[in-house]
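Work through the exercises below with the sequence and the 3D view at hand. Try each task before reading its solution.

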Amino acid sequence: MDPHQYCQAKAAGSGSSFYYSFLFLPPERRRAITALYAFCREVDDVVDECTDTSVAQMKLAWWRKEVAAAYHGAPQHPVARALAEIAPRFNLAEARLLEIIDGMEMDLNFNRYPDFETLKLYCHRVASVVGLLSAEIFGYRDSRTLDYAADLGLAFQLTNIIRDVGEDARRNRIYLPLDEIARHGLGEADILETRETDGFRRLMEFQIERAHGYYRGAFAKLPADDRRAQRPGLVMAAIYQTTLDEIRRDGCRVLKQRVSLTPIRKLWIAWKTWIKG
């Protein structure tokens, strides 16, 4: 398969909400956002699938070289070859792709975050930067749209953290800020040993409210002139906010199960949000 077919297979196989958000884009923009998403999946898989940290470090170093080759040479990987094609067309900065790798590398060096301000750097690198690159692909006229895109990316990552608390704990990772865990009368052991207490539910309600706050803040920053172009982000936001509502409705039992929407429901939300504009 050619590079773009590879990226399409990578994106479709993930079942991610990200995939549903760009189904209705024109072909050229859809190819570009699919290549960006495939890149994110590739470097994220390095961290998630490599049990040996030194091997993961080497693989991420290889991806840094592939990004450089996409801009200045001849990349080998089909995703990097796809990026080489679409990066000049959509003004995708090399430094931002490298910053995404910086974020993935943080997962090799940190499995705890003392406070929210520290966590925000991680969220910026792995999600807000993706939002900024996505905004370039979707198109915008007003530079304030970049502020919207950065905040929306942060909201997406907070949603991922809430949804995946139990899954991350089984990998000995805790993304919930430690000071907030303590403030709710909990310790690391409560998370790692999946104790779904009243204190834990209150902690998760706090996290959900903060995520919704970032969604509201992002929407408020989106200029009306760019709303139509940025519809894919609004589609993903609708899917993610619905997921948050389902988590809350289920009693925030994210330690022992992972709440997700069915493909049909995601497609329905995507279509409805796209038509609404």
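**Exercise 1.** Decide whether Q230 is buried, partly exposed or exposed, and describe its surroundings.

*Solution.* Step 1: the relative accessibility of Q230 is 2%. Step 2: with a 1.4 Å probe and protein chains only, buried means under 20% relative accessible area, exposed means over 50%, and partly exposed lies in between. Q230 therefore counts as buried. Step 3: place Q230 in the loop between α12 and α13 (231–249). Helices are DSSP runs (H or I, at least four residues) and strands are DSSP runs of E (at least two), numbered from the N terminus. Step 4: leaving out residues up to four places away in sequence, Q230 touches A135, F138, G139, Y140, T145, Y148 and L222; contact means heavy atoms within 4.5 Å. Step 5: Q230 and Q257 are 27 residues apart along the chain, and their C-alpha atoms are separated by 32 Å.

The model is predicted: local features need pLDDT of at least 70, side-chain atom pairs count only at pLDDT 80 or more, and totals for chains, interfaces and linings use all residues. Residues are numbered from 1 along each chain as its sequence is written, and side-chain values use heavy atoms, with hydrogens and water left out.

**Exercise 2.** Locate W271 and classify its exposure.

*Solution.* Step 1: W271 sits in helix α14 (residues 263–276). Step 2: its relative accessible area is 42%, so W271 is partly exposed. Step 3: the C-alpha atoms of W271 and L222 are separated by 20 Å, with the two positions 49 residues apart in chain numbering.

**Exercise 3.** Which elements make up the protein chain, and how many are there?

*Solution.* Step 1: count 14 helices and 0 strands. Step 2: read from the N terminus on, the order is α-α-α-α-α-α-α-α-α-α-α-α-α-α.

**Exercise 4.** Check the radius of gyration of the protein chain against the rule for a compact globule.

*Solution.* Step 1: the radius is taken over C-alpha atoms, and the rule is 2.2 Å times the number of residues to the power 0.38. Step 2: for 277 residues the rule gives a value near 19 Å; the protein chain has 18 Å, which agrees. Step 3: the C-alpha atoms fill a box of roughly 50 × 45 × 35 Å along the principal axes. Step 4: 54% of the 277 residues count as buried. Step 5: among contacts with a separation of 6 or more, 72% join residues 24 or more positions apart.

**Exercise 5.** Which residues touch the most other members of the largest nonpolar core?

*Solution.* Step 1: such a core is a set of buried Ala, Val, Leu, Ile, Met, Phe, Trp, Tyr and Cys residues joined through side-chain atoms within 4.5 Å. Step 2: in the largest core, of 96 residues, they are F39, I100, L176, I191, F200 and M204. Step 3: helix α7 (residues 116–138) gives this core its largest share, 13 residues. Step 4: M204 touches I162, V165, L176, C252 and V254, not counting residues up to four places away in sequence.

**Exercise 6.** Describe phi, place and exposure for N91 and T194.

*Solution.* Step 1: most residues other than glycine have a negative phi. Step 2: N91 has a positive phi of about 60°, lies in the loop between α5 (78–90) and α6 (94–109), and is exposed at 54% relative accessible area. Step 3: T194 has a positive phi near 50°, lies in the loop between α11 (188–192) and α12 (198–221), and is partly exposed at 23%.
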